[in-house]
Amino acid sequence: EHGPGGYVGEIALLEQRPRNATVIAKTPVKLEVIKQREFAGLLEEMPDLAQQVRAVAADRLANAEH
């Protein structure tokens, strides 16, 4: 489950591959969609965010394998 400030789709953006999941919201949400180029620029500008996103992606990939 994801809460405020959560994100999805980072693995597809980091690995430049198709999404591997679908998200269905249980409540109304506001979201922002960014494309690969915007995502790469954001990670370049914010190294701390890049490290956090990569760590979350690695954890999600590890959990998906189990």
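Reader: Why is glutamate 15 called partly exposed, rather than buried or exposed?

Author: This is a predicted model, and in it glutamate 15 has a relative accessible area of 47%. Buried means under 20% and exposed means over 50%, with partly exposed in between. The value of 47% falls in that middle range, so glutamate 15 is partly exposed.

Reader: Where does glutamate 15 lie, and what separates its C-alpha atom from that of glutamine 51?

Author: Glutamate 15 lies in helix α1. Glutamine 51 is 36 residues away along the chain, and the two C-alpha atoms are separated by 15 Å.

Reader: Okay, on to glutamine 16. What makes it count as exposed?

Author: Its relative accessibility is 63%. The cut-off for exposed is over 50%, so glutamine 16 counts as exposed. You'll find glutamine 16 in the loop between α1 and α2.

Reader: What is there to say about the phi angle of glutamine 16?

Author: Phi is near 50° there, which is a positive value in a residue other than glycine.

Reader: How do you know that isoleucine 24 is exposed?

Author: Same kind of check. Isoleucine 24 comes out at 73% relative accessibility, and exposed means over 50%, so the label fits. Isoleucine 24 is also found in the loop between α1 (10-15) and α2. If you'd like a distance, isoleucine 24 and isoleucine 34 are 10 residues apart in sequence and 18 Å apart in space, C-alpha to C-alpha.

Reader: And histidine 66, why is that one called exposed?

Author: Histidine 66 has a relative accessible area of 82%, and the bar is over 50%, so histidine 66 is exposed. It sits in the segment after α3. From histidine 66 to glutamine 16 there are 50 residues in sequence and 23 Å in space, C-alpha to C-alpha.

Reader: So what is buried, then? Which residues make up the largest nonpolar core?

Author: There are 5 of them: Leu13, Phe39, Leu43, Ala50 and Val53. The elements that give two or more residues to this core are α2 (36-45) and α3 (47-64).

Reader: What makes that set a nonpolar core?

Author: A nonpolar core takes buried residues of certain kinds, Leu, Phe, Ala and Val among them, joined through side-chain atoms within 4.5 Å, so Leu13, Phe39, Leu43, Ala50 and Val53 belong together under that rule. In soluble globular proteins, nonpolar side chains tend to be buried together. Across the protein, 14% of the 66 residues count as buried.

Reader: How many helices and strands does the protein have?

Author: It has 3 helices and 0 strands, and from the N terminus on the order is α-α-α.

Reader: What about the largest pocket: how many residues line it, and which lie nearest its centre?

Author: The lining has 36 residues, and Gly6, Tyr7, Val8, Gly9 and Val23 lie nearest the centre. About 1,400 Å³ of space lies in this pocket. Of the helices, α3 gives the most to the lining, with 5 residues. By class, the lining has 21 nonpolar, 8 polar and 7 charged residues.

Reader: How confident is the predictor in all this, going by the mean pLDDT of the protein?

Author: The mean pLDDT is 89, and 98% of the residues reach 70 or more. Among the elements, α1 has the lowest mean, 91, and α2 the highest, 95. As a general caution, where pLDDT is low, the predicted coordinates should not be read in detail.

Definitions and conventions: Residues are numbered from 1 along each chain as its sequence is written. This is a predicted model: local features need pLDDT of at least 70, side-chain atom pairs count only at pLDDT 80 or more; totals for chains, interfaces and linings use all residues. Side-chain values use heavy atoms; hydrogens and water are left out. Buried means under 20% relative accessible area, exposed over 50%, partly exposed in between (1.4 Å probe, protein chains only). Helices (H or I, at least four residues) and strands (E, at least two) are DSSP runs, numbered from the N terminus. pLDDT is the predictor's confidence in each residue, from 0 to 100. On a 1 Å grid over the protein atoms alone, a cavity is a set of points where a 1.4 Å probe fits but cannot get out, and a pocket is an open set with protein on both sides within 12 Å along at least five of seven lines; lining residues have an atom within 4 Å of a point. Grid points are joined across faces, edges and corners, and a volume is the space filled by probe spheres set on the points. Ala, Val, Leu, Ile, Met, Phe, Trp, Tyr, Cys and Pro count as nonpolar, Asp, Glu, Lys and Arg as charged, and the others, Gly among them, as polar.
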